[in-house]
Amino acid sequence: MSLAATAPSLEQKVWHYIDHKLGTRRAEFGNQPICPYVKRYRDSIVVKTAHTSVYEILEWGMRNFKSSDVCWVYAFERNQVPSSLMCETMCDSFAQQYYLNGATLLFDHPIDIEPINGVYTGFGEGALLIIQNTTILQNHRHKLFKTSYYAGWTDEQKRELVD
């Protein structure tokens, strides 16, 4: 009797990405991980496989993300999301409302491969809609600006952090 190995679920792939790719130290980031604070907040991150559209999740998240939440990650299969431009437009249409509610929207589309300091930081196995607590995110970004973390980032990439 042979046991066939089961492929990891999309949610498992996201956790692997968080734990290994985002949490591993890299010389390109001042010997810090791509996401230096991910391990600290690991137990407060909520990861879900998306079963509805990006738009529906954005609407639902507007009503349900609370100031006590740290980070929600919704994972979409590659074929489940529209174009990168359409996803960006949807997120942009909600961004100000989320910001007023204390959250920042980030979208990682598998088509957008924009390396930072020569390193592709995206998930790549699908799309991720990330809703993060703005206060926590900004506090840690401010701390990182006092280190060599952003040394290899372009001026445009740094500007995007404050938009």
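**Reading helix H4 and what it packs on**

Me: Just after H4, what phi does Gly-102 take?

Reply: Gly-102, just after H4, takes a positive phi of about 85 degrees; helices (H or I, at least four residues) and strands (E, at least two) are DSSP runs numbered from the N terminus. This is a predicted model, in which local features need pLDDT of at least 70, side-chain atom pairs count only at pLDDT 80 or more, and totals for chains, interfaces and linings use all residues. Residues are numbered from 1 along each chain as its sequence is written, while side-chain values use heavy atoms and leave out hydrogens and water.

Me: Where is the kink in H4 centred?

Reply: The kink, of about 40 degrees, is centred on Phe-94, the bend being the angle between axes fitted to the seven residues ending at a residue and the seven starting there.

Me: Which residues of H4 are buried, and what covers them?

Reply: An α-helix has 3.6 residues a turn, so residues three or four places apart point the same way. In H4 (residues 84-100), the buried residues (under 20% relative accessible area, 1.4 Å probe, protein chains only) are Ser-84, Cys-87, Met-90, Cys-91, Phe-94 and Tyr-98. Their cover includes helix H3 (54-64), strand S5 (103-108) and strand S6 (127-133), contact meaning heavy atoms within 4.5 Å.

Me: What is the strand order of the open sheet?

Reply: Strands pair if DSSP finds at least two bridges between them, and here the 4 strands have the order S3-S4-S6-S5, with mixed pairing. The edge strands, S3 (45-49) and S5, each pair on one side only.

Terms used. Expected span 1.5 Å × (residues − 1). Buried < 20%, exposed > 50% of the residue type's maximum accessible area, 1.4 Å probe, protein only.
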